[in-house]
Amino acid sequence: MHKILLVIFSSLFAVTQCVLAQETTVQTKPASIPLSRSDSFLTQGETNNNNSLSSLIDFVKMNQSLPSEKIYLHLDRTGFLQGDTIWFRGYSWYGYEQIPDTVSKVLYVDLLDSKGKCRLSKKLLIHEGLSEGDFTVDTTLSPGTYIIRAYTQWMKNLNTGDPFSQNILIRSATRNFQIECRPAISRISGRDSLKLNIRFLEIDPDGNLKSTYKHRISYNLKVGDIVIDSGQIVATNTIEQIIKKDLSGIEKNQATAFFEVSVNDARVAYKKRFEIPLRDGIDIQFFPEGGSFINGVNSRLAFKAIGPDGLSREAKGVIESKEGNVICDFESVHKGMGSFFLKPQPDKQYFAHLLYNNRNYYIPLPGATDNGCVMTIKPSPPLDDPLLSIKCSQTEINTTKYITGSTNGKILFSARVKLANDSCGFRVPLIYLPDGICRLTLLSSEFKPQCERLVYIDKDDRFAIEIKTDSSYYGTRSKVSLQILTRKTDGTPVSTDLSLAVVDKEFTENNITVNDISAYKLLESELKGKIEEAGYYFENGNCNDPESLDLLLLTHGYRSFPAAKPDQTDQKYLPETSINLSGNLLLNGSKRRAQKFNYHNITLTFLCPAGKTIITNVNPDSLGKFSLQIPLVYGRPQAMLQAKTTVRRKFNGEIFLDETLEQPKFPIVLSTDLNIALPEIESIRQVQASIKTTLTKDPAYGYMTKNLPEVVVSARAPNWYENYEKEAIKIADLDSLDPTGNKYESLTDLLVREFEARVRIIPRTGMKVALLPSISVMGPDHYFPIYVINNNVWFDGMAKSREEFLAKLSYVSDITVNQIKKLMVLEPGEISYHYANKDLAMEIQQSLVVIETYEKGFRGDPQGIKTLILEGLDAPRQFYSLKYDSPPQDRHVYDGRTTLHWEPSVKTDSTGYAKIEFYTSDRKSPFEVNVNGIIPDTGSPGQGHILINSGRGK
């Protein structure tokens, strides 16, 4: 806490010194004649004799934000099947300088469903601004659109940063039939027609799109409640069918058509409804530069044209007065954005008139006021101080104004100007401003905001990533060597820390927007609203198209004046650097005696055997309240709090823990499908690869088959465990067997002593695990059992890699006996097969360990003791990369990976060089390489991208 307050106070002191510096009155000059920088802005270190500046200090205090944090997640991709893994790397920045985060040490990453409910969550370590983690897309997650959100506890305060969010799509791994619909509306001479291109995609049991498959597809096309077409067509797998319909008789107020398709035959039962917009409307929003539109003052108005879906539309038209006189024309230049100049006159109204989709639109411009000022930025060459022009109404002449410039919530310079005429110019001092968006604010003589303008300061504080391949063509299962070269914009090599994802291009979700690290850090995190193709502005590491970037700032960065901010000294959430526990003690007995008891004499000891044993002592205050800061640990280890008196006797009372921090209350940006009919081919291709992989898995030694009858095991809450009792070899009721919770050292010890399990020590880890009887032809007679805990499978003896296997086994082994209420062991058979991994079950049949835990976590604690599960960090898993240069990997299992390679940390050396190697899959499709990263010392962002041919011939 002291560290963060020191940063805040030192920064505020620096700003105070700046605004207290001597001001030089600037006489007005025409806007075309720029003033010298030394005559117009307040430099640090000068003296001040002007007592009126105390109000400016108040303005600085009110508008100076707390140091903020930013988070960016690089995901390996955005489209997943059930059962896949989501890999990601987090980048963090902190403070007014936005350096790699060294304050918060914990990053939270949540997977939210479309209703904003958190379905999965990770708690990760932030080390020097970097984190890494993953989610397993369990089959309990139903197909649909989800949101990945990342944040820190510090971000829960007001104005300390917004969480990162990214939409992803999860599809069913077993959905082998889809229907695509691609609508198109033709508008010719007022006669509209609708064309529907439809096709079905069906995978046969072998994972192929069989060309002989045919289906009779029934369809129904409705507009409102009226059916305008219906019928049936016979379609062949993957072949498009076209349905055309004349819309000339449809009423203009009908905006949506509904197209229903269905298949119902011996092989498929399917039904789907598509919504198709018939009338693509347009709306235009206008943004006066600086936020003010003044009568008699020539002003620049930016605009953005959008459609009903919120996406941009290109537009052109004229500006007319209410009387129909054309004032000027306008036309968008990028993503519906453009600008024009207009000098409004008193008592006049103005409209934008345009023709869009054969419809006339008249959209009113904002009303102008009689008094005020207008700010305009004149473009200047890179690294030259841009010219800020101020124009005013007659009532503002001979008044004093103040200008402040702020970046990342910190006011970096201030200036005073005096308007002797109706305009003046001011050079913005780039020397004080970092790379990124600067907010320029014009204040009145009473220090009230009048105008505000965003400007992008491009100091080339980024780096470019060049990706080179060792070949122009790669076949299936070929080794790929990539050279990564990182250079600053001036060509100087730079050492960086990067994350790299290689994905099958044909599996990627093209309908979901993913922006790179520069676009997010410099634009998305600073502006409001959806920015379309934010990566366009920093293509190849360069600041691309500065004119369009300026239009983006005029529209998405617009606000008429800065709103007053509430008191920001109330920091409810501090940067998280440890695990915080708090609570209170309560003496047993009479309430009166407990209230008078001095709890400060009690010693509270915290004990946690997590790796290196953690022991901490603390004394509560006189009322019994206590707080502990525990070093960050991994996993969910069991911990204990023990209270003792001054004579080392047990405290005759209870220990109560406060509730953990509540879920964040960030606004949930619910995702919407921007495309009415999404292409399903990516999903079908992924399902094909999944089916072929399953069918071609080659059983290892000890191959065996055994036909087992089908069994269905269902939960019967709350007595679900009764389903297993008849089949159990033995049942251990821990309330009777071990009432004190001290009889067994671990779950393994319990299984060995009560169920005759064998102990196995895992090499290099020292982990003790239990082996129970198994059945196989040539394999072992004892093997790892399947663990079912509260009717959910926690461990089945299979994993994608050794690291994942050990992590799952360790997670099960960490369950303490004090958590277990009842434990049963079932021998290999029908019930254990139901929970088994079907690939492993072909080789070996396992025993089943069924565990029921206490609803509140533990059995009752004795007086003066509190047991708990410590919510530690989630350890990142290692991506398992296939290698085909060694015989064990060269099997006949089909390789249809979506993510070919994931490397969360690629460090380039002092020459900017790094090398990455991986292998292609069995799919003959191009693959995409995406790289994001930062310079460790400064946090400067950079990104690279390349598309590589594979399997299609040279």
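## Nonpolar cores

In this predicted model, the largest nonpolar core has 33 residues, of which L73, I86, V109, I148 and I168 touch the most other members. Two or more residues each come from strands β1 (69–75), β3 (85–94), β5, β7 (130–136), β8 and β9, and from helix α3. Strand β5 gives the largest share, 5 residues.

V109 has contacts with L73, F88, L120, S121, K122, L124, F135, I148, R149 and A150, leaving aside residues up to four places away in sequence. A second core, separate from this one, has 29 residues, including Y744, F755, I815 and L823.

## Strand β9 and its partners

Strand β9 spans residues 164–171 and is mostly covered, with 6 of its 8 residues buried. Strand β2 (residues 79–81) runs parallel to β9 and is joined to β9 by 3 bridges. Within this pairing, F80 stands opposite I170 of β9.

Strands β8 and β9 run antiparallel and are joined by 7 bridges. Here G144 has I170 in β9 as its bridge partner. I170 is thus named in both pairings, opposite F80 and as the partner of G144.

The loop between β8 and β9 contains N159. N159 has a relative accessibility of 33%, so this residue counts as partly exposed. Its C-alpha atom is separated by 8.5 Å from that of P67, although the two residues are 92 residues apart along the chain.

## Aromatic pairs

There are 32 aromatic pairs in the structure. One of them joins Y108 and Y151, which are stacked with 5.5 Å from centre to centre and 15 degrees between the planes. Y108 belongs to strand β5 (residues 106–112) and Y151 to strand β8 (residues 144–151), so the pair ties together parts that are 43 residues apart in sequence. Both Y108 and Y151 are buried.

Another pair is formed by Y724 and Y835: the ring centres are 6.4 Å apart and the planes are at 40 degrees, so this pair is tilted. Y724 is in helix α7 (residues 722–725) and Y835 in helix α11 (residues 830–835), so the pair ties together parts that are 111 residues apart in sequence. Y724 and Y835 are both buried.

## Aromatic cluster and charges over rings

One aromatic cluster is made up of Y783, F784, Y787, F795 and F805.

Charged side chains also sit over rings. R267 lies over the face of Y213, 3.9 Å from the ring centre. K692 has its charged end over the ring of Y894, at 5.4 Å from the centre of that ring.

## Helix α4

How many of the 11 residues of helix α4 are buried? The count is 9, so this helix (residues 546–556) is largely enclosed by the rest of the structure. The buried residues in α4 are S548, L549, D550, L551, L552, L553, L554, T555 and H556.

Which elements are included in what covers the buried residues of α4? Among them are strands β17 (283–288), β18 (299–306), β21 (337–342), β29 (436–443) and β30 (449–457), together with helix α3 (517–524). Helix α3 also gives two or more residues to the largest nonpolar core.

Note on methods
Residues numbered from 1 in each chain as written. Predicted model: local features only at pLDDT ≥ 70, side-chain atom pairs only at ≥ 80, totals over all residues. Heavy atoms only, no water. Phe/Tyr/Trp six-rings, centres within 6.5 Å; stacked < 30°, edge-to-face > 60°. Helix = DSSP H or I, 4+ residues; strand = E, 2+ residues; numbered from the N terminus. Buried < 20%, exposed > 50% of the residue type's maximum accessible area, 1.4 Å probe, protein only. Lys NZ or Arg CZ within 6 Å of the ring centre and 35° of its normal. Pairing = 2+ DSSP bridges. Contact = heavy atoms within 4.5 Å. Core = buried A, V, L, I, M, F, W, Y, C linked by side-chain atoms within 4.5 Å.
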